[in-house]
Amino acid sequence: MATETPPPATPGTTLPSAEEFTQVQQSADFAELRRAHRSFAFPLTIAFIAWYLLYVLLSSYADGFMGTRVVGNLNVALVLGLAQFLTTFLIAWWYARHAATELDPKAAAIKSRMESAE
């Protein structure tokens, strides 16, 4: 797969030049879009990885604690394991909401400015 192949253009439109992309990338609006994405995604990713590693470490080294029964045959390990799935879905939902309210409008504004500059 060639990485230099441009995306297909719709009839009647021209793609922005490399210089125009570079100008947009260096603009304050694009920097704000990057900051909004990174300030959300990086801390959440680090927190989830820490939560996952805590679960793995507890599973490896805290047998007694993880084997503690919570209700009936449910123990702490199973509850925390299921909580891993729950947090994965919650983070995906939260990110989708963040992207729709914060990132998408900023990206659409940048895109419309690029398209109107043609």
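This section describes the salt bridges of a predicted model and the surroundings of one histidine, His98.

Five salt bridges were counted in the model. One of these joins the side chains of Asp29 and Arg113, with a nitrogen-to-oxygen distance of 2.3 Å. Asp29 belongs to helix 2, which spans residues 28–61, while Arg113 belongs to helix 4, which spans residues 76–116; the pair therefore ties together parts of the chain that are 84 residues apart in sequence. Both partners fall in the partly exposed class: the relative accessible area is 38% for Asp29 and 41% for Arg113.

A further salt bridge between helices 2 and 4 involves Glu32 and Lys106. The side chains of these two residues meet at 3.1 Å, N to O. Lys106 lies in helix 4 and Glu32 in helix 2, and with their positions 74 residues apart in sequence, the pair links distant parts of the chain. Lys106 has a relative accessible area of 24% and is partly exposed. Glu32 is likewise partly exposed, at 30%.

Within helix 4, a salt bridge is formed by Lys111 and Glu115. The closest N and O atoms of this pair are 3.9 Å apart, which places the pair inside the 4 Å cut-off for a salt bridge. The two residues are separated by four positions, about one turn of the helix. Glu115 is partly exposed, its relative accessible area being 46%. Some salt bridges in the model share partners, and through them Glu32, Arg35, Glu102 and Lys106 are joined into one network. The bridge between Lys106 and Glu32 described above thus has both of its residues in this network.

Helix 4 also contains His98. The relative accessible area of His98 is 13%, and the residue is classed as buried because this value lies under the 20% limit for that class. When neighbours within four places in sequence are set aside, the residues in contact with His98 are Ala36, Phe40 and Leu103.

Taken together, helix 4 holds Arg113, the partner of Asp29 in helix 2, and Lys106, the partner of Glu32 in helix 2. Helix 4 also holds both members of the pair Lys111 and Glu115, as well as the buried residue His98.

Key:
Residues are numbered from 1 along each chain as its sequence is written. This is a predicted model: local features need pLDDT of at least 70, side-chain atom pairs count only at pLDDT 80 or more; totals for chains, interfaces and linings use all residues. Side-chain values use heavy atoms; hydrogens and water are left out. Buried means under 20% relative accessible area, exposed over 50%, partly exposed in between (1.4 Å probe, protein chains only). Contact means heavy atoms within 4.5 Å.
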